[in-house]
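Student: I should like to learn how to read the features of a protein–DNA model. Might we work through an example together?

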2 protein chains.
Amino acid sequence: MSSQARPPDYESVLRDAGVRITRPRKIILKILAERDDHPDAMAIFRRAVRLDDSISLSTVYRTMKLLEDRGAIQRHAFQGGPSRFEPADSEHHDHLIDLDTGDVIEFHSEKIEQLQDEIAKSLGYEIVHHRLELYGRKK
Amino acid sequence: MSSQARPPDYESVLRDAGVRITRPRKIILKILAERDDHPDAMAIFRRAVRLDDSISLSTVYRTMKLLEDRGAIQRHAFQGGPSRFEPADSEHHDHLIDLDTGDVIEFHSEKIEQLQDEIAKSLGYEIVHHRLELYGRKK
DNA sequence: ATGCAAATGCAAATCGTTTGCAACTGATGG
DNA sequence: CCATCAGTTGCAAACGATTTGCATTTGCAT
């Protein structure tokens, strides 16, 4: 159950930003809207090729960057692997990565967030963002 | 004041592991023992070249891997940049990265660690390791 | 429809890191 | 003390993820 309340309307995000809704973009946006995992660029590319085999990996990367810059998706660079993406519309959460399967489980702890703020403050810093990842295996 | 109680004796670590103490390794180990920051491979390489300009970057990487595999150093892949290293002899801590300077400040919160364990447990997982990084700027 | 800037696909470039290989060198046995 | 030889080196090339230059295509406002 790691799904969003409502899938984000990426197309309006882009249209509002004044960028063109092209065929490759439509396809990539569709894939993003339907995904319920945390795919990397290559995974998105593979899914896209099934719908239109003329799509290039560069376009996937370019589209991800576009969406990231518009704040529509978030990029996560987990341990070792390539960047993986997820919509940014859901509320903030951190990640537990299953070391055996690569699965990503989302969680949130207000308490931890508070403690982080306290720590940063006590060091004279203001947190711009943070990264909390738990790597573990099923018991 | 992010220094260790005592600099680790990398040379014995390697000798005990049955690997040769070569000239390039001696130099790299010396740099590691004296460092008090979190240098990346290139930074270590630059410092090494000042002591012996025949040292290669590959050897730096190979030596870091050697030490990492022996548990003598830890590798940190902070946001975006290359891996940065630090001795593994100190107790566990997390990092606050200064977004303006790249400086790394170490901190530890037993409370956060406990909360992490609780969360993992409640999800049916056992934490193998974690990554907690705060990215911020000085106030 | 038409024009033109925006977007594409492709190949080549980039960055951090690893690796194959031939030359070199520690450390051990004699 | 030195020969031996596997362990190490430097170099250049290979790597995987991502970005970029460029000539060609394509949205889409007119």
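**Reading helix packing, DNA surfaces and a chain interface**

Tutor: Certainly; please note that this model is predicted. We may begin with a pair of helices, where I27(B), I28(B) and I31(B) in α2(B) meet I44(B), R47(B), A48(B) and L51(B) in α3(B). By class, this contact of α2(B) with α3(B) comprises 6 nonpolar residues, 1 charged residue and no polar ones.

Student: How is such a packing described, and at what angle do the axes of α2(B) and α3(B) cross?

Tutor: Two packed helices are described by the angle between their axes and the distance between the axes. Here, the axes of helix α2 (residues 23-34) and helix α3 (residues 41-51), both of chain B, come within 10 Å and cross at roughly 120°. The pair is therefore classed as oblique, since that angle makes α2(B) oblique to α3(B).

Student: Is the crossing of α2(B) and α3(B) left-handed or right-handed?

Tutor: The crossing of these two helices, α2(B) and α3(B), is right-handed.

Student: Let us turn to the DNA. Which residues come nearest to DNA strand C?

Tutor: There are 24 residues around DNA strand C, and V19(A), T59(A), S58(B), P82(B) and S83(B) come nearest. Two or more residues of this surface are given by each of α2 (23-34) and α4 (57-69) of chain A and α4 (57-69) of chain B. The most come from α4(B), with 5 residues. By class, the surface near DNA strand C has 8 nonpolar, 8 polar and 8 charged residues.

Student: Which residues are the closest to DNA strand D?

Tutor: DNA strand D is surrounded by 24 residues, of which S58(A), P82(A), S83(A), V19(B) and T59(B) are the closest. At least two residues of this surface are supplied by each of α4 of chain A, α2 of chain B and α4 of chain B. For DNA strand D, α4(A) gives the most, with 5 residues. The classes number 8 nonpolar, 8 polar and 8 charged residues on the surface near DNA strand D.

Student: How many residues of chain A are in contact with chain B?

Tutor: The size of an interface is often given as the accessible area lost when the parts come together. Residue contacts offer another description: 28 residues of chain A are in contact with 28 residues of chain B. On the chain A side, β4 (104-107), α5 (110-122) and β5 (125-138) each supply at least two residues, and β5(A) gives the most, with 14 residues. This side of chain A has 15 nonpolar, 6 polar and 7 charged residues.

Student: In what sense do β5(A) and β5(B) pair?

Tutor: The pairing of β5(A) with strand β5 (residues 125-138) of chain B is antiparallel and runs over 13 bridges. As one example of facing residues, E126(A) stands opposite R137(B) in β5(B).

Definitions and conventions: Residues numbered from 1 in each chain as written. Chains lettered and ligands numbered in written order. Predicted model: local features only at pLDDT ≥ 70, side-chain atom pairs only at ≥ 80, totals over all residues. Axes fitted to C-alpha atoms, helices over the stretch in contact; angles between N-to-C directions. Helix = DSSP H or I, 4+ residues; strand = E, 2+ residues; numbered from the N terminus. Parallel < 35°, antiparallel > 145°, perpendicular 65-115°, else oblique. Left-handed = near helix turned anticlockwise from the far one by under 90°. Contact = placed C-beta atoms within 7 Å. Nonpolar A, V, L, I, M, F, W, Y, C, P; charged D, E, K, R; others polar. Near = placed C-beta within 6 Å. Pairing = 2+ DSSP bridges.
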